[in-house]
Amino acid sequence: MNEIRPWRTIERRKSRQIMVGNVPVGGDAPITVQTMTNTPTEDVGATIDQIRRCEDAGADIIRVSCPTEESTANFDRITRAANVPIVADIHFHYKRALEAADKGAACLRINPGNIGSSERVAEVVRAAKANGCAIRIGVNAGSLEKDLLEKYGEPCPEALVESALDHIKLLQDHDFHDYKVAVKASDVFLAVAAYHALAETVDCPLHLGITEAGGLIGGTVKSSIGMGSLLWAGIGDTIRVSLSAEPEQEVKVGFEMLKALGLRTRGVRVVSCPSCSRQGFDVIRTVEALEKRLEHIKTPMSLSVLGCVVNGPGEARETDIGLTGGGNGKHMVYLSGVKDHHIENEDMLDHIVRLVEAKAAQIEAGEAVAFDPHAVAAE
């Protein structure tokens with residue numbers, strides 16, 4: 001598809017690959033989607049339940065905060081129950097990192113500069129090496145070191161990058177190289193500039209995020225602008241969308257971001273119109289219902305839902321299944337870009353769900369492939 005239409009091509013930044021548990025990050029590995037639990041880690045049952053919901057939403061990696069000794073006491077129960085790698089979020093207490101590494105953490109999220117003395121950093125590195133843990137250096141504009149704030153006067157791209165490089169050196173001095181780095185900020189301009197500068201300076205995988213982005217709508221917009229521009233530029237190996245929303249929502253937004261850029265495919269990609277007075281059915285409510293009823297579909301495929309025949313047929317020609325509003329409660333259904341049959345209002349939702357489920361099952365069984373209109377055009 002990209003060779004046929006070069007304006008779709010994204011040249012990813014070359015980075016070396018590390019392993020987070022059994023998930024590769026960097027190199028030519030798919031960009032991974034992360035989130036973070038918000039339950040008290042001490043409540044093992046609630047934390048595992050939330051991890052399950054995030055896994056179902058498609059999370060590749062999940063981070064769990066470990067601020068107290070109680071939070072790591074049963075951390076092994078969490079890591080054993082999870083089906084994806086678990087990152088232990090550590091800030092100031094180096095012993096929490098040691099405990100989490102011993103209890104199955106696939107990665108430790110730390111600021112080496114916050115851990116304390118070189119001896120303490122060395123202990124964390126030894127624990128990481130002994131347990132096969134990666135380390136994620138997490139630089140944040142909201143918690144920059146005092147000396148950097150004094151040097152630069154305020155958080156700026158240069159300060160974020162210098163902090164990252166200082167932390168990287170602490171790990172490299174102990175011959176540790178299985179790390180990835182984030183330079184997050186809530187200011188989109190600051191974060192994007194810092195990531196661009198860091199991408200030109202280091203070869204390690206980069207973890208993208210716009211931190212403290214906001215609620216579901218505002219945070220999605222900010223994250224999409226910042227992270228979307230970086231991903232479009234080929235920068236980023238793993239992402240976390242930081243929202244004041246349930247963590248499974250972060251996963252869904254992350255995947256939609258990657259799907260929009262053609263970097264990952266998962267589940268049904270819905271193309272739908274904003275609706276207007278020409279619509280032959282209630283587009284908004286129909287799309288809401290279809291998205292909810294099709295959440296269980298993991299197979300990559302496409303569905304167009306448009307209210308009238310102005311753009312409906314054109315969009316339907318680009319998707320696996322298309323629905324275009326017609327007159328008198330009778331609507332057109334397209335299969336693999338070709339008009340196939342009509343459907344009445346009252347049967348529409350159930351009918352489209354059955355078609356999507358059937359096509360997904362065929363794709364999974366190897367009896368069909370997802371429709372690619374660009375491949376058809378090339379032929």
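**View 1. Helix α14 lies across a five-stranded sheet.** Residues 348-364 form helix α14, which lies across β11, β12, β13 (321-324), β14 (330-335) and β15. Its direction is at about 165° to β13. The model shown here and in every view below is predicted. The sheet under discussion is open and has five strands. Their order is β11-β12-β13-β14-β15, and the pairing is mixed. Two edge strands, β11 (268-272) and β15 (338-344), each pair on one side only. On average, neighbouring strands of this sheet are turned by 20° against each other, direction ignored.

**View 2. Strands β11 and β12 pair in the parallel sense.** Strand β12 covers residues 301-306. Five bridges link β12 with β11. V270 stands opposite L303 of β12.

**View 3. C308 and E315 belong to a recorded binding site.** An unreviewed UniProt entry lists C273, C276, C308 and E315 under "binding site". C308 sits in the loop between β12 and α13 (312-316). Its relative accessibility is 13%, so C308 counts as buried. Leaving aside neighbours within four places in sequence, C308 is in contact with R278, P313, T324 and G325. E315 lies in helix α13. With a relative accessible area of 32%, E315 is partly exposed. Residues up to four places away in sequence not counted, E315 touches V271, S304 and L306.

**View 4. Helix α9 is capped by D187 at its N-terminal end.** A side-chain oxygen of D187 lies 2.8 Å from the backbone nitrogen of F189. Helix α9 runs over residues 188-199. At 1.5 Å a residue, its 12 residues should span 16 Å. The end C-alpha atoms are 16 Å apart, which agrees. Buried residues of α9 are V188, L190, A191, V192, A194, Y195, L198 and A199. These buried residues pack against two helices, α8 (157-172) and α10 (216-232). They also pack against strands β8 (179-184) and β9 (207-208).

**View 5. Residues 15-254 carry a domain annotation.** The unreviewed UniProt entry lists this span as "domain: IspG TIM-barrel". The span is 47% helix and 18% strand. Its end C-alpha atoms lie 21 Å apart.

**View 6. D237 is buried and makes a polar contact with R12.** D237 is placed in the loop between α10 and β10 (238-240). D237 has a relative accessible area of 1% and is therefore buried. The side chains of D237 and R12 make a polar contact at 3.1 Å. Not counting residues up to four places away in sequence, D237 touches R12, R13, S15, V25, G26, G27, P30, I31 and T32. C204, P205 and L206 are also touched by D237.

**View 7. The side chain of R264 reaches I31 and D60.** R264 lies in the loop between α11 (247-260) and β11. R264 counts as buried because its relative accessibility is 17%, and the cut-off is under 20%. The R264 side chain reaches the backbone oxygen of I31 at 2.5 Å. A polar contact of 3.2 Å joins the R264 and D60 side chains. R264 and T32 are 232 residues apart along the chain, yet 8.9 Å separates their C-alpha atoms. Neighbours within four places in sequence aside, R264 is in contact with P30, I31, T32, V33, D60, F255, L258 and K259.

Note on methods. Residues are numbered from 1 along each chain as its sequence is written. This is a predicted model: local features need pLDDT of at least 70, side-chain atom pairs count only at pLDDT 80 or more; totals for chains, interfaces and linings use all residues. Side-chain values use heavy atoms; hydrogens and water are left out. Two strands pair if DSSP finds at least two bridges between them. Helices (H or I, at least four residues) and strands (E, at least two) are DSSP runs, numbered from the N terminus. Axes are lines fitted to C-alpha atoms, for helices over the stretch in contact, and angles run from 0 to 180 degrees between N-to-C directions. Contact means heavy atoms within 4.5 Å. UniProt positions are given in the numbering used here, feature names are shortened, and annotations may be inferred rather than shown by experiment. Buried means under 20% relative accessible area, exposed over 50%, partly exposed in between (1.4 Å probe, protein chains only). The expected span of a helix is 1.5 Å times one less than its number of residues. A polar contact is a pair of N or O atoms within 3.5 Å; within protein, one must be able to donate a hydrogen and the other to accept it, and residues adjacent in sequence count only if both atoms are side-chain atoms.
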